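Please look over the sequence and the fold shown here, and then follow the explanation below, which moves from one part of the chain to the next.

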Amino acid sequence: MQFIRTQFRASNFLKHKERDRFMSTASQAKHKFCRRVGQCLWGDPKCPSVKRPYPAGPHGKGRRAKLSTYGALLMEKQKLRNHYAISEKQLQIAYAKAKAGLGQTHERLFRSLEQRLDALVYRAGFAPTIFAAKQIINHGHILVNGKRLDRASAIVKPGWVISINAEKSPAIAEMAKKGNSTIPPYMEVDLEALKVTLVREPNLDEIPVNVQIMSVIEYYAR
């Protein structure tokens, strides 16, 4: 029995170590991708791509290779996926749902990604990055309509109120009060009450993502 417990603890330790290594690698990879496309996906002035807008490596400063048609479509899809920090499987599922619904596929896809809980927490300035937004949601610091919601992929509907549990998360509440100077017009933010309301569904031209969404649709429709 003691041997089994020891093996279980060792297994858990390795899992946590592997998770931490993955998180560190993912954090580095986001900056690497920004350098590959020559701009920061999130408009961060501290991103390495600001000073070095070229791919990493000894040949990064060389002439950029012209992308094929497939390469251009793939690049736009990767930009969208990296901006929202979601997996390929999550984006495929979002596309399938958008395609199956009524209306234009590209509009439904873009809106469904922008109305994710983690995206709105980030847009409101409650978290400095989309990755931090996912973390504080997963740790239970975010309330939706007064109830805790720890699922970053949850779709927020117009009229719903997102807030921070200030009593249990004073440090996060203090950080959130610094706010974000560029709040999208489809959101209303009350920094004093630490609340944000999704007023309406966003229009495509209001979503602050530099991606050609039709290229993403074309990529999956191949």
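How far apart should the ends of helix 3 be, given its 15 residues? Helix 3 covers residues 69-83, and at 1.5 Å a residue (the expected span being 1.5 Å times one less than the number of residues) it should span 21 Å, which agrees with the 22 Å between its end C-alpha atoms. Helices here are DSSP runs of H or I with at least four residues, strands are runs of E with at least two, and both are numbered from the N terminus.

This is a predicted model, in which local features need pLDDT of at least 70 and side-chain atom pairs count only at pLDDT 80 or more, while totals for chains, interfaces and linings use all residues. Residues are numbered from 1 along each chain as its sequence is written, and side-chain values use heavy atoms, with hydrogens and water left out.

The predictor's confidence in each residue, pLDDT, runs from 0 to 100, and the protein chain averages 82, with 79% of the residues scoring at least 70. Confidence is lowest in helix 1 (residues 2-37), at a mean of 50, and highest in helix 5 (residues 105-114), at 96. Over residues 2-28 pLDDT stays under 50, and for this stretch the model has 0 contacts (heavy atoms within 4.5 Å) beyond four places in sequence.

Returning to helix 3, its buried residues (under 20% relative accessible area, with a 1.4 Å probe and protein chains only; exposed is over 50%, and partly exposed lies in between) include L73, M75 and L80. L80 is also among the residues that touch the most other members of the largest nonpolar core, which has 54 residues. Such a core is a set of buried Ala, Val, Leu, Ile, Met, Phe, Trp, Tyr and Cys residues joined through side-chain atoms within 4.5 Å. L117 belongs to that group too, and its contacts, not counting residues up to four places away in sequence, include I137, V144, V156 and I162.

Most residues other than glycine have a negative phi. A85, in the loop between helix 3 and helix 4 (88-100), nevertheless has a positive phi of about 55°. N145 likewise has a positive phi of about 55°; it lies in the loop between strand 1 (142-144) and strand 2 (147-148), and counts as partly exposed because its relative accessibility is 43%.

Strand 4 (residues 187-190) and strand 5 (residues 195-198) pair in the antiparallel sense over 4 bridges, where pairing requires at least two bridges found by DSSP. E188 stands opposite T197 in strand 5, and in the hairpin, with 4 residues between the strands, L194 takes a positive phi near 55°.
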